[in-house]
Amino acid sequence: MPSKDPLGNLYITSLASTNVHEFVVPSKDELYDKYNELILRRNQKTLAAELPLEGSDMIQANEKASSNTDQFQDLLVVEKATRSWLAHESTLWQCLYVPSSKTLMTCSRDARVKQWDLCKNTTTPQQLHVSQKYEEEAFGDAPQLMRTFPRAQKHWITCMELIDQPENSVQMLACGSDDKTVQIYRLDDYSRPFEGKLEIKCKSGVYALKSVDRGRKLVAGTHRGECFMYDLVKGEQTLKWKAHEDQVTAFELHNNMLVSSAQYDEKIHIWDLRVDNSVKPIGVMAGHTAPVWALKQHGNSLFSAGSDGSICKWQWHHYQQYECKFPKMHNGQVVYQLQPVDKNIMASAGDDLCVRLWDTRHGVQIAKVETGVNVHSMQFA
C-alpha cells in the first residue's frame with residue numbers, strides 16, 4: 001500500500017495578519033494521483049497533445065493550456081487551517097523554517113524575531129486577539145515560543161536568511177531591516193548577535209538577503225536598488241554595485257550566478273560572482289509584463305512570478321529565453337511567493353487568498369489551500 005502520510009505542514013503569514021496559520025497538505029501519493037487524473041482529462045480534450053513540441057510551439061501550447069478555466073475545477077482542496085496562533089503584536093513579514101531544530105522563525109513590523117518549537121505546544125490557552133486594525137481568531141494549540149531575539153534593530157524586520165557554514169558546523173540567521181542594517185545571530189547562542197557583534201550597515205532599507213559561497217558571504221539588496229556583499233569570515237564589505245533603479249525584491253543562486261529582481265522592474269538580472277572581489281552582469285531575462293516578486297530554483301530550471309499574475313519557467317543555460325509561461329496561475333492576481341514542494345511540484349501564493357500546488361512540467365494545477373488572507377510568506381515543514 002502506498003503511504004498516505006501528509007506531505008508536510010504549510011505555514012503562511014500575511015501583511016494583513018498578526019497570526020501564523022498552519023495547514024496540513026495532501027500526501028505525495030494523493031497529489032500525483034490527482035495529477036494523473038487531470039492530465040488524462042486534458043489529453044482527452046486534446047489540450048495536452050501539443051505539449052511535447054519545442055521552442056515557440058511549446059510556449060504557445062503551455063500558455064493555451066494554463067489559461068484554460070477547466071484547470072481550476074476538481075482540484076484537491078484544503079479549506080481550513082489546523083491551527084492559528086498570535087505570533088506578534090504587529091503584522092508579520094516573513095516566516096522561515098529551520099530543519100535542524102524543527103523550529104519556525106517569524107519576523108514582524110514590531111522589529112522582533114521569534115523562534116517557535118513546532119514539536120512542542122504551549123499550555124496557555126489562546127484567546128481572541130483584538131487590536132486597532134485586526135481582530136483574529138486564534139485556535140488550536142500554539143507551538144511553544146522558544147526565544148524572542150534581542151531587539152537590536154529599530155524598524156521592522158523585512159527579511160531573514162538561514163546561513164550554513166558546513167566546514168565550521170555553524171548555522172546563523174541574518175535579519176534585514178528597514179533601519180538600513182543587517183543583524184546576524186548564531187543559532188547556538190541566541191542571546192547576542194554573531195561573534196564580533198557583526199552589524200552590516202547599508203545606505204537604505206534592506207529587503208532581500210542571500211547566502212553565497214557556502215555561507216562564507218552574504219548579499220544584501222536594498223530599497224534603492226543597491227547590492228552589498230559581505231565576507232562573514234573577515235567581517236567586512238567586499239563588493240557594492242547598483243543592480244536596479246528601485247527596491248530589490250528577491251535573490252536566487254545557481255553555480256555562483258546571482259539572480260535578482262526589483263519592485264518596479266519587469267526584468268530579471270543575472271550576475272556572475274565567480275571572480276573574486278568583482279561582479280559581472282551577464283544577462284537580462286524578460287518575460288513578465290509587471291514587477292517580479294519571487295525567484296526560485298527548482299531542478300534545472302528557474303521559476304519567477306510577479307504582479308502580472310503569471311509564472312515563467314526559465315532554463316539556466318538560455319538566460320535570454322523562457323521555456324514556458326503559465327499566465328493564469330492565480331487568476332491574474334499578484335504572486336508573491338514560490339516554494340518547491342517535490343521533484344515536479346511547486347507551490348505559489350499571492351493576492352488571491354490561496355496557495356496553489358501545481359506540476360512544474362505542464363503547469364497543471366493539482367491542489368489548492370484556501371488561506372482566507374493574502375499570502376506574503378510561506379514555508380513547508
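Which residue forms a salt bridge with lysine 210? To find out, select lysine 210 in this predicted model and look at its side chain, where glutamate 252 is the salt-bridge partner, with the closest N and O atoms 3.2 Å apart. Lysine 210 belongs to strand 16 (residues 206–212) and glutamate 252 to strand 20 (residues 248–254), so this pair ties together parts that are 42 residues apart in sequence. With a surface display switched on, bear in mind that lysine 210 is buried, its relative accessible area being 16%, and that glutamate 252 is buried too, with a value of 7%.

The salt bridge just visited is one entry in a count that comes to nine salt bridges. For another, select aspartate 342 together with lysine 28, whose side chains meet at 3.3 Å, taken from N to O. Aspartate 342 lies in strand 28 and lysine 28 in helix 1 (residues 28–44), so the contact ties together parts that are 314 residues apart in sequence. The two ends of this pair can be described in turn: aspartate 342 is buried, with a relative accessible area of 18%, which falls under the 20% limit for that term, whereas lysine 28 is partly exposed at 41%.

Next, select aspartate 352 and arginine 356, whose side chains form a salt bridge of 3.2 Å between N and O; both of these residues are buried.

From here, return to strand 28 and display the sheet to which it belongs, an open arrangement of five strands in the order 3-31-30-29-28, with mixed pairing. Strand 3 (76–78) and strand 28 (335–342) stand at the edges, and because each has a single partner strand, one side of each is left without a neighbour in the sheet. As you follow the sheet across, the twist averages 20 degrees from one strand to the next.

Now move to the edge formed by strand 3, and colour it together with strand 31 (residues 365–370), since these two strands run parallel and are joined by three bridges. For a particular residue pair, select valine 78 and then its bridge partner in strand 31, which is valine 369.

The last stop is asparagine 19, which lies in strand 2 (residues 19–24). Which side chain does the side chain of asparagine 19 contact? Select serine 84 as well, and you will find a polar contact between the two side chains at 3.0 Å. Asparagine 19 is itself buried, with a relative accessible area of 1%.

Note on methods:
Residues are numbered from 1 along each chain as its sequence is written. This is a predicted model: local features need pLDDT of at least 70, side-chain atom pairs count only at pLDDT 80 or more; totals for chains, interfaces and linings use all residues. Side-chain values use heavy atoms; hydrogens and water are left out. Helices (H or I, at least four residues) and strands (E, at least two) are DSSP runs, numbered from the N terminus. Buried means under 20% relative accessible area, exposed over 50%, partly exposed in between (1.4 Å probe, protein chains only). A polar contact is a pair of N or O atoms within 3.5 Å; within protein, one must be able to donate a hydrogen and the other to accept it, and residues adjacent in sequence count only if both atoms are side-chain atoms. Two strands pair if DSSP finds at least two bridges between them. Axes are lines fitted to C-alpha atoms, for helices over the stretch in contact, and angles run from 0 to 180 degrees between N-to-C directions. A salt bridge is a side-chain nitrogen of Lys or Arg within 4 Å of a carboxyl oxygen of Asp or Glu.
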